[in-house]
Amino acid sequence: MTSRNNTKYFFAIMALMIGFALYLQYSITKSTESLHALEVSKAVQYANRISTYIKAETEGDLESYLRTHTQKREALNKILHTFLTDEFKYIYLLKKDKEGHYRFLLDGSLSDEEEFNAIFFPKSEQFDDVYRNGNAQIVQQEGKDGAKEVWLSLLYPVANKQGSTEALLVIDLSQNYASYLKHLNSPVSQTVTLMQIFLFASLILIIYLTYSYYKFRKNIMQDALTCTGTKAWLNEFLRTHPLDRYNVVLIDIDEFKRLNQRFGEENGNKILKTYIETLRQQIPPHSKVVRTVGTEFMVLIPKSEDLETVLKSLFETLRAKEFKIENESVQLTASMSAMYVPEGARSEDKILRLLDEKMLEIKSRGKNDYAIIGEKRLDDLRFSDMEFIKKALDDERVTCLFQPIFKTQTKEIAKFEALVRFIDDEDPSKLISPFHFLPVIKGTSQYIKMSKLVLQNVFAALQKYPDIEISVNLDLTDLYHRDMMTVIENVLCEHKAFAKRLTFEIVEDMEIKDFEKAANIFNMLRAHGSKIALDDFGSGYANYTYLIKLEWDIIKIDGTLIKELTANPKRAEMVVQSINELGIFYNCSVVAEFVSDEETYNKVKALCIEYSQGFYLGEPKPIEAYLDPES
Amino acid sequence: MKKIWMVILLLWGHLYAMDTQSTLNLYEDILSTLIPKEMIKVYTPNRELHDVFTHSMRLIPLSQPNEADIIIIPNKIAYENIAARLRDQKDLKMPYLFGTDYHLLEAYPNVIGALYWRKGRSQLLFVRNRLKKLGITLPDKYRKYSVESL
């Protein structure tokens, strides 16, 4: 759930609660109003009856009749008395005089009974309206300035025979009765009030929780010291902002621990804060800074900016910056690795791993430097992901391609070199080069797992084609790895017949220091009948010492030397010739690698090198492509 | 809890003050219409009303009727008492008399107006011919509350 969604949910809940509270208020108001309306309709019925009765009891002009018939007036007043209840506080009949003032004709009030013709100011223009229009009306009195004890007034016109209003019958409903009605509804009203209080309290609680949530979130999302984002923030940021819109720089301040020890952590923190402020000033707008760990920071730089320029400027500025502390001036250096993020990349993990590797490389060179990892494709990242590799090995999506090694003179296939490939789970027709995954799994249990699967593949090929020989690559770590060698030995014991047709090519990426140990391992492999080849001779660590100290069955001349046969023919031919002669001297077969075109092949042939291998002669393919071309 | 009680007390006090203030405003307005003076000396035997007048910037409540510009009379007994006390000072100018009961207007022709309650409504009534005798002209806003005679 993202922060933006959370905010939406919080506001939705709050809006619902407020809406519910308002609905409750509306319902209770409506219910009270309908109760009031019921009472008003009762008052209208009374007014109708009283009006009819008065008219029936009087003759001619109402005012004249009542003025002259005092006893009748008294009798009618008493009758009006009888209508008075807790509900109807005052009942009286008013007549408008020539001046427009209202005067009492009848008054049935129990207290402060008014005399006939006494003046009355109703303080409401609605009296005049009713008088003029002849339509009964309810007038709200409660809360009106200059009115008390009266809740509502029913103004009922008493019409003469001609239909014009002759007098106004007023029934005042008491305020006490309004309170009574209110109390009648009070259990519901109280429940509603309690619910509203509960809703209000819940609302406050939600607001408090929301506040706490955002405060807590801020602590998680923002580094308190440097105010940069945290990894959690980065994860959330990348959910809505594709990583491939940025290039990434990893910055690690060198030797910051020493500075902390020298000036104390408090001063160290101050310097770190200033350092990040300087960094922020230096990076382009819309860049993001994340504190990954300790004094390591990740900077996302928009792709619109030139990464190399930004990195260089950042490196120089931060290196030149002087930090004042305790009257001393301190300068800091940093190691920075940067990378062009490939299109489609969404997760920072793989990028960070590559940046970390580059960072280690910089640090091993002596720190205080920067480097950019060359552009990579998204697949490069995916195939070098440990999860991907583990899954491929668990699914046994490992296969071998076989590159033929030819007898140079006759162009007959003499043997094959097995080359490992992973099969892509998304596209099984796609084979993944070991360039992606080998560096990641070297030295891990996954590597041994892979080697087992490679050997399985090789033995399957040996079993299927009983006349072929196959060579597989091993490096020193494999030779020195007890588990790996146990696996190889077990496999060789299990498939004794195949061991003789197997060659182990020792690759040159590590220097052999313990020749005795290496010789013992070679002997063990030879004891099973297998051959040992020195791969890439003439490059890396595969040098002449190896020829002197160890016994080899095959020498494979490195491709870089073979390429020179066409570029620098005279000098290269001498070198290649001498290696070939050495091979013959040491009773070794010699293989020329990287024979990539006809010209090179002809040169190799002319130099009488026994075996040749290269794309010109045969690319790595499934073994069936060479041995069962029809299948 | 103490704070809650304080708030309730303050609210009650505030409401009481509002009621007092509206009564005072009404009297200030009416009396200044009748007496065009900066400061008006008022006497009333009604203790409650007297206390209200003490908050006024314009009305000076007196404890004796003798020097008053106007006297607010609550009932007939009060009228009789005041009349007896004023009888002795014929040489002085007689104060205006204003009632808080409609019946005072009926009973005493020298009461020029009254502010009283009738059927739950405040009522203000002036008698024009009595005002005329004293040379008082009502402004428009009060004319609708006046009658020529009772």
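1. Let's start with a term: two strands count as paired if DSSP finds at least two bridges between them. Keep that in mind while looking at this model, which is predicted. Strand 1 (residues 88–96) and strand 6 (residues 165–174) of chain A are linked by 6 bridges and run antiparallel. One residue to click on is A:Phe88, whose bridge partner in strand 6 of chain A is A:Leu173.

2. Now zoom out from that pair. Strands 1 and 6 belong to an open sheet of 6 strands in chain A, with the order 3-2-1-6-5-4 and antiparallel pairing. Which strands sit at the edges? They are strand 3 (119–120) and strand 4 (137–140) of chain A, each pairing on one side only.

3. This sheet has a helix for company. Helix 4 (residues 125–133) of chain A lies across strands 1, 2, 3, 4, 5 and 6 of chain A, and runs at about 135 degrees to strand 6 of chain A.

4. Next, try strand 18 (residues 502–506) of chain A. Is it mostly covered or mostly open? Mostly covered: 5 of its 5 residues are buried. A general habit is handy here: in a regular strand, side chains alternate between the two faces of the sheet. In strand 18 of chain A, A:Leu502, A:Phe504 and A:Ile506 point one way, while A:Thr503 and A:Glu505 point the other way.

5. Strand 18 of chain A has parallel partners. It pairs with strand 17 (residues 470–474) of chain A over 5 bridges, and 4 bridges join it to strand 19 (residues 531–537) of chain A. A:Glu505 is a good landmark, standing opposite A:Asn473 and also opposite A:Ala533 in strand 19 of chain A.

6. On to the nonpolar cores. The largest has 78 residues, and A:Phe422, A:Ile470, A:Leu525 and A:Trp552 have the most contacts inside it. Helix 14 of chain A supplies the largest share of this core, 10 residues. Another core, of 62 residues, lies apart from it and includes B:Val42, B:Leu105, B:Leu131 and B:Val147.

7. A:Trp552 deserves its own look. Neighbours within four places in sequence aside, its contacts include A:Ile506, A:Phe522, A:Arg526, A:Ala533 and A:Cys588.

8. Last, a helix pair. The axes of helix 12 (residues 386–394) and helix 14 (residues 445–464) of chain A come within 10 Å and cross at roughly 35 degrees, and the crossing is left-handed. Among the residues that meet are A:Met386 and A:Leu393 from helix 12 of chain A, and A:Met450 and A:Leu453 from helix 14 of chain A. By class, this contact has 4 nonpolar, 1 polar and 3 charged residues.

Technical notes
Residues are numbered from 1 along each chain as its sequence is written. Chains are lettered from A and ligands numbered from 1 in the order in which they are written. This is a predicted model: local features need pLDDT of at least 70, side-chain atom pairs count only at pLDDT 80 or more; totals for chains, interfaces and linings use all residues. Side-chain values use heavy atoms; hydrogens and water are left out. Helices (H or I, at least four residues) and strands (E, at least two) are DSSP runs, numbered from the N terminus. Contact means heavy atoms within 4.5 Å. Axes are lines fitted to C-alpha atoms, for helices over the stretch in contact, and angles run from 0 to 180 degrees between N-to-C directions. A crossing is left-handed if the near helix is turned anticlockwise from the far one by less than a right angle, and right-handed if clockwise. Ala, Val, Leu, Ile, Met, Phe, Trp, Tyr, Cys and Pro count as nonpolar, Asp, Glu, Lys and Arg as charged, and the others, Gly among them, as polar. A nonpolar core is a set of buried Ala, Val, Leu, Ile, Met, Phe, Trp, Tyr and Cys residues joined through side-chain atoms within 4.5 Å. Buried means under 20% relative accessible area, exposed over 50%, partly exposed in between (1.4 Å probe, protein chains only).
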